[in-house]
Amino acid sequence: MSHEDCLFCGIVEGTIPSVRVAEDERTVSFMDINPATEGHVLVIPRAHSKDLLEIAPEDLAACAVAAQQMAGRAVDVLGASGVNLLNCCGASAWQTVYHFHFHVVPRYDDDRDQLTLPWIPTPGDPDQIAETGARLRGDEA
Ligand code: 5GP
Ligand code: ZN
């Protein structure tokens, strides 16, 4: 199912041009037009779903496997020394295109200025961490 006004559905259908690098029954992988580093690829499901919360588990699994393959290509072909896999779900998490996608961002030893950790690691309050963990587990209050 595709959505008329969706940019990435247009890329799946070929009505919007893209540099495609891989595809299979469920997924399409193509170059990001604003690459964070050389070889930045987006992996999307052929079927439209807007984000991580909506995507069907089978499509999510297929995208994860395709992303793993792209990561391997980045290392083998481009000489990347690492890879970041990123998904943004919702505007507060930086999502700008509402068709699920994984960013596969190859990392190189000298690219530190191009992509940095988006938070400053700071020790949290252990009680708060434990309490939030309990809420996520669904423990009775
Ligand atoms: P988000 O911000 O939703 O996590 O990521 C959207 C990504 O789509 C961005 O990295 C952006 O550069 C990329 N993008 C936006 N428009 C186009 C387009 O027309 N073609 C391609 N190939 N990538 C796009
Ligand atoms: Zn779409």
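Me: How far does a polar side-chain atom of threonine 96 lie from an oxygen atom of ligand 1?
Reply: The model is a predicted one. Threonine 96 is among the closest of the residues that surround ligand 1. A polar contact requires a pair of N or O atoms within 3.5 Å. The polar side-chain atom of threonine 96 and the oxygen atom of ligand 1 are separated by 2.7 Å.

Me: Which residue has a side-chain N or O atom 2.5 Å from an oxygen atom of ligand 1?
Reply: The closest residues around ligand 1 are Met31, Asp32, Asn34, Thr96 and His103. The side chain that places an N or O atom 2.5 Å from a ligand oxygen belongs to aspartate 32.

Me: Which residue has a polar backbone atom 3.1 Å from an oxygen atom of ligand 1?
Reply: For threonine 96, the polar atom facing a ligand oxygen is in the side chain. Here the atom belongs to the backbone, and the residue is tryptophan 94.

Me: How many residues surround ligand 1?
Reply: A residue is counted if one of its heavy atoms lies within 4 Å of the molecule. Met31 and His103 are among the closest of those counted, and the total is 16.

Me: Is glutamine 95 buried or exposed?
Reply: Glutamine 95 is found in the loop between E4 and E5. Its C-alpha atom is 19 Å from that of valine 28, a residue 67 positions away along the chain. Residues under 20% relative accessible area count as buried. Because the relative accessibility of glutamine 95 is 4%, this residue is buried.

Me: What pattern does the chain follow along the sequence?
Reply: The chain contains 3 helices and 5 strands. Its C-alpha atoms fill a box of roughly 50 × 40 × 25 Å along the principal axes. In sequence order, the helices and strands give α-β-β-β-α-β-β-α.

Me: What percentage of the residues of the chain count as buried?
Reply: The threshold is a relative accessible area under 20%. Aspartate 51, at 7%, falls in this class. Over the 141 residues of the chain, the buried share is 35%.

Me: Which element gives the largest share of the lining of the largest pocket?
Reply: The largest pocket has a volume of about 400 Å³. Its lining comprises 21 residues, with Phe8, Asp32, Ile33, Asn34 and Leu42 closest to the centre. Two elements, helix H1 (7-13) and strand E2 (27-31), each give two or more residues to this lining. The largest share, 3 residues, comes from H1.

Me: How many residues in the lining of the largest pocket are nonpolar?
Reply: Phe8, Ile33 and Leu42, among the residues closest to the centre of this pocket, belong to types counted as nonpolar. The lining also has 7 polar residues and 1 charged residue, and the nonpolar count is 13.

Me: Which elements give two or more residues to the lining of the second largest pocket?
Reply: This pocket encloses about 320 Å³. Of its 14 lining residues, Asn84, Leu86, Leu115, Thr116 and Pro118 lie nearest the centre. By class, the lining has 9 nonpolar, 4 polar and 1 charged residues. The elements concerned are strand E4 (82-86) and strand E5 (102-107).

Me: Why does the salt bridge of glutamate 23 and arginine 46 tie together separate parts of the sequence?
Reply: The closest N and O atoms of this pair are 2.9 Å apart. Glutamate 23 lies in strand E1 (residues 20-23), whereas arginine 46 lies in the loop between strand E3 (41-45) and helix H2 (57-78). The two residues are both partly exposed, at 48% for glutamate 23 and 27% for arginine 46. The pair therefore joins parts whose separation in sequence is 23 residues.

Me: Which residues do salt bridges with shared partners join into one network?
Reply: The structure has 6 salt bridges. One of them pairs aspartate 139 with arginine 137 at 2.8 Å; aspartate 139 is partly exposed at 40%, and arginine 137 is exposed at 60%. The network formed through shared partners consists of Arg20, Glu23 and Arg46.

Me: Which residue meets buried aspartate 51 in a salt bridge?
Reply: Aspartate 51 has a relative accessibility of 7% and counts as buried. Its partner is partly exposed, at 38%. The N to O distance is 3.3 Å, and the partner is lysine 50.

Key:
Residues numbered from 1 in each chain as written. Chains lettered and ligands numbered in written order. Predicted model: local features only at pLDDT ≥ 70, side-chain atom pairs only at ≥ 80, totals over all residues. Heavy atoms only, no water. 1 Å grid on protein atoms, 1.4 Å probe; cavity = no way out; pocket = protein on both sides within 12 Å on 5 of 7 lines; lining within 4 Å. Points joined across faces, edges and corners; volume = space filled by probe spheres on them. Helix = DSSP H or I, 4+ residues; strand = E, 2+ residues; numbered from the N terminus. Salt bridge = Lys/Arg side-chain N within 4 Å of Asp/Glu carboxyl O. Buried < 20%, exposed > 50% of the residue type's maximum accessible area, 1.4 Å probe, protein only. Polar contact = N/O pair within 3.5 Å; in protein donor to acceptor, adjacent residues only side chain to side chain.
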